[in-house]
Amino acid sequence: MTAEQLWTEYCSKKGIDINTPYEAWSFGENEEGDDLLRLVLAGKKFGTASLYDAYEAEDALDELPKAGDYSVLLNSKNEAVCVIKNYDVYIRKFNEVPPYHAYSEGEGDRSLKYWREVHKEFFEEAKEDGIEFTEESRVVCEKFSLEYTFGKETTADDELLFIEPSMIFADEITAYRQEMLDVDSSFDGCFSMKRMPDPKEYVDYCIGWANPSRVADEHGAWGNVLMVFRKSDMKMVGCMQVHNVLTQRMKDFTGHVGYSVRPSEREKGYAKRMLAKSLDFLTAFGFKEVYVSCVPTNIASRKTILANGGEYIETKYLECDNVNLERYRICI
């Protein structure tokens, strides 16, 4: 099937204007490119990256990827295989690309270390075009969803997208925060959202927290905030923190993961899927065991932890918060 044929089929089935722009491209004209395509089809690869300077050198900044862009992915035989759609695009210095982006690219062990090694070698090839690559070079990071695969049904309406904080979603961040405040809900997994009514301040703070090149603060922790969106209507239904470097307090009490679900979206199984995603992400850091906590009265959270393989360890009193916490270990 050609790109034009697959695009026509997709638009017909999804009710999309056939004249909507799209690009047709492949990850490479060899078996390695097909391997990456298979990762997309398996759901492991939902990100890619390119050099900003390459667009600049070709006077093609108007062609920079953006959220909402469609692509038809081709295999090494130039056959159309699937349709993807960008839902988040940002530009960071190479040494500031966060661990979640490395995970999203799905390659190797999905670690930041592996991503840096592979992409440094790849980006250095730009020297042939007169582009000098350094640790400060800007990288265009794209995240995309798999929209349609030739010969298969479309994805379920309740599919979840896990997205790093971005001003693209400022309105949803504001709405999520207000709903949590309206019902006096705890902001577990939301980092500093409660005390930051300005979404830009919140987004910038989260980006800084995940920046692998920053100097550790007095708490010594790094981590990643992931907003959870229901793909069908792009409503923010949850938020979670995934810690890859723990403070002593985290080690002793709260653990690697914190999460919350929007009050109006609870009891739909989202928390279970969010924790499962966190565990998969944490494998990219080499963790074999993950620790998660909940208060004894939070029956729903306990069920979520147990459903993901949690094993009860102990209940400890956290004096600074005047609360008891049930601690669980999950082997991954």
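So, to kick off: what share of the contacts in the chain with a separation of 6 or more comes from residues 24 or more positions apart? The answer is 67%. Keep that in mind, since a few of the residues I'll show you have partners a long way off in sequence. And a reminder before we go on: this is a predicted model.

Right, the overall picture. We've got ten helices and twelve strands in the chain. The radius of gyration comes out at 21 Å, close to the 20 Å from the globule rule for 332 residues, so the chain is as compact as a globular protein of that length. If you lay the C-alpha trace along its principal axes, you get spans of about 60 × 45 × 35 Å. Of the 332 residues, 49% count as buried. As for the outside, the chain exposes about 16400 Å², and 48% of that is supplied by carbon and sulfur atoms.

Okay, the inside. The largest nonpolar core has 56 residues, and M193 and Y259 are the ones with the most contacts within it. Which helix gives this core its largest share? That's α9, residues 270–282, with seven residues. There's also a second, separate core of 14 residues, and A49, Y90, W115 and F133 are among its members.

Let me stay on Y259 for a second. Leaving out anything up to four places away in sequence, Y259 touches D188, G189, C239, M240, A271, M274, L275, V292, S301, T304 and I305. Three names in there, A271, M274 and L275, are also on the list of buried residues of α9. The rest of that buried list is Y270, K277, S278, L279, F281 and L282, so yes, there's a lysine in it. On geometry, α9 has 13 residues and runs 18 Å from first C-alpha to last, close to the 18 Å expected at 1.5 Å a residue.

Now look at D280, which also sits in α9. Is D280 buried or exposed? In between, in fact: at 30% relative accessibility, D280 counts as partly exposed. Setting aside neighbours within four places in sequence, D280 is in contact with Y103 and R110. Y103 is 177 residues away along the chain, with 9.4 Å between the two C-alpha atoms.

Just after that comes F285, in the loop between α9 and β10. F285 is partly exposed too, at 28% relative accessibility. Its contacts, not counting residues up to four places away, are P99, N224 and N244. There's another long-range pairing here: F285 and S111 are 174 residues apart in sequence, and their C-alpha atoms are 6.1 Å apart in space.

Next, helix α5, residues 112–124. It has 13 residues and reaches 18 Å from end to end, C-alpha to C-alpha, close to the 18 Å expected at 1.5 Å a residue. Which residues of α5 are buried? L112, W115, H119 and F123. Down the helix axis, the buried residues of α5 fall within an arc of 55°, so they line one face of the helix. The face turned away from that buried side carries the exposed residues K113 and E121. And what covers the buried residues of α5? The cover includes β2 (47–51), α4 (99–104) and β5 (138–149). W115, you'll recall, is one of the members of that second core.

Over to strand β10, where we find Y291. Y291 is partly exposed, with a relative accessible area of 23%. Not counting residues up to four places away in sequence, Y291 touches T254, G255, H256, V257, I313, R327, Y328 and R329. For a sense of scale, the C-alpha atoms of Y291 and P65 are 38 Å apart, and those two residues are separated by 226 positions along the chain.

Last stop, backbone angles, for those of you who like to check your Ramachandran plots. Where does D59 sit? In the loop between α3 (52–57) and β3 (70–74). Phi of D59 is near 55°, which is a positive value in a residue other than glycine. D59 counts as exposed, at 71% relative accessibility. N322 has a phi near 55° as well, again positive and again not a glycine. N322 lies in the loop between β11 (311–318) and β12 (323–331), and at 59% relative accessibility N322 counts as exposed.

That's my tour. Happy to go back to any of the residues.

Definitions and conventions:
Residues numbered from 1 in each chain as written. Predicted model: local features only at pLDDT ≥ 70, side-chain atom pairs only at ≥ 80, totals over all residues. Heavy atoms only, no water. Helix = DSSP H or I, 4+ residues; strand = E, 2+ residues; numbered from the N terminus. Expected span 1.5 Å × (residues − 1). Buried < 20%, exposed > 50% of the residue type's maximum accessible area, 1.4 Å probe, protein only. Arc of directions from axis to C-beta. Contact = heavy atoms within 4.5 Å. Rg over C-alpha atoms; globule rule 2.2 N^0.38 Å. Areas by Shrake-Rupley, 256 points an atom, 1.4 Å probe, with all protein chains shown as cover. Core = buried A, V, L, I, M, F, W, Y, C linked by side-chain atoms within 4.5 Å.
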